[in-house]
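Dear colleague,

Please find below the structure that I am handing over to you. My notes on what was found in it follow directly after.

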Amino acid sequence: MNHLPSPFELTDQAEQSAGWSRRSILRAGGAAALAGLGGALAAGNAWSGGTPHKVTFAWSAVAFCLSPVVVAQEKGFFEKNGLQVELLNWGGSTDQLLESLATGKADVGVGLIHRWLKPLESGFDVKVIGAAHGGCLRMVGVKQAGVTDWKQLKGKIIGVSDMNSPAKNFFGIHLAKRGVDIEKDVEWRAYPADLLDIAAKKGEIHAIADGDPNIYLIEKRNKGVFTEIGNSGTGEYKDKLCCITGARGEFVRNNKPAAAAVVRSIIQAAEYVAENPNEAAKIYSKYSPKVAVEDLRALLSTLTYHNHPTGSVLRDEVEYFARDFHTAGVLKKSTDPTRFASFVTADVLA
């Protein structure tokens, strides 16, 4: 893949003046998010005339949190916004997904921001254009190991599904911001996702960081063994995005109306999920036969499906996460989070 130049690297002057206030962004973002959302929904209410835009949409059927994608397909939100969508169930890595977007094998895709930022720094011609929801990563401690709070993790072993998982990235940064040396104070150990609870009961790990539905199912089959000590949908992150919608750069530049229609469709479908978790669970169940409908219903009710920023608010949220990744050393020292966020996001609704 041909990498794009890096227009978001810090200059010496930028490094000296890169002042930034999270509180100011949060204050400025709240009202703008509501206003932007209202406009986005209103713009997509009418049935679109003419020939539908054909779009290939890459997603992962194992991620229940991405239910707005299939809801948009089956409840007609894509069609109402003038789209003819082919869903591509993507089973590869995030790098491969982003490469599929950059090379035109897919037009749009969705995934966790915690997996996307580092590859996007490498120069994939992919733009972040929207978000599906917030909050789907959790950490639970083993009560018998005395881990009921993040402050008790020092000297402990945290189990993850892989060493570059979104949960490891998210909670690693979360702990680092609180003074925990994530290379020395804790140990990370990878196990197959469905064996994490077995490792915990054997005493091989003392906490688990992963996403739902796996954590939910682990707690369900091990009543009273675990206690939640971290959640990407609470605290400072409770109003933050989690899974983002991205599109290949050429698609955004040459077919902005279709990109905007995708964003509107996902927003409308996410709102539908928020208001109708029972029906959404039934729709999604055919894509997740291993998880019972009642469990899907409970899981969908825990996520923040009203959280799907666009425009400047989306850019600010991407910057928020980019700064966390930059502080933790995941992004290069030469990367300016402000310029990075501006470069990788696109306001297709403007």
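In which loop does Asp-125 lie? Asp-125 lies in the loop between α6 (113-121) and β4 (126-133); helices (H or I, at least four residues) and strands (E, at least two) are DSSP runs, numbered from the N terminus.

Before you read further, please note that this is a predicted model, in which local features need pLDDT of at least 70 and side-chain atom pairs count only at pLDDT 80 or more, while totals for chains, interfaces and linings use all residues. Residues are numbered from 1 along each chain as its sequence is written, and side-chain values use heavy atoms, with hydrogens and water left out.

The protein chain has 15 helices and 10 strands. Of its 350 residues, 53% count as buried, where buried means under 20% relative accessible area, exposed over 50%, and partly exposed in between (1.4 Å probe, protein chains only).

To return to the loop, Asp-125 is buried, with a relative accessible area of 18%. Its side chain is joined to that of Arg-253 by a polar contact of 2.8 Å. A polar contact is a pair of N or O atoms within 3.5 Å; within protein, one must be able to donate a hydrogen and the other to accept it, and residues adjacent in sequence count only if both atoms are side-chain atoms.

In strand β4, eight of eight residues are buried. Six bridges join β4 to strand β10 (residues 243-248), and the two run antiparallel; strands pair if DSSP finds at least two bridges between them. Ala-131 has Ile-244 in β10 as its bridge partner.

The largest nonpolar core (a set of buried Ala, Val, Leu, Ile, Met, Phe, Trp, Tyr and Cys residues joined through side-chain atoms within 4.5 Å) has 95 residues, and Cys-65 is one of those with the most contacts inside it. Helix α11 (residues 256-275) gives the most to this core, with 12 residues. Cys-65 is itself buried, at 5% relative accessible area. Leaving aside neighbours within four places in sequence, Cys-65 is in contact (heavy atoms within 4.5 Å) with His-133, Cys-136, Cys-243, Leu-303 and Tyr-305.

Why does Cys-65 not form a bond with Cys-243? The sulfur of Cys-243 is the closest cysteine sulfur to that of Cys-65, but at 3.9 Å it is too far for a bond. A disulfide is a pair of cysteine sulfur atoms within 2.5 Å, and a search of the whole structure finds zero disulfides.

Yours faithfully
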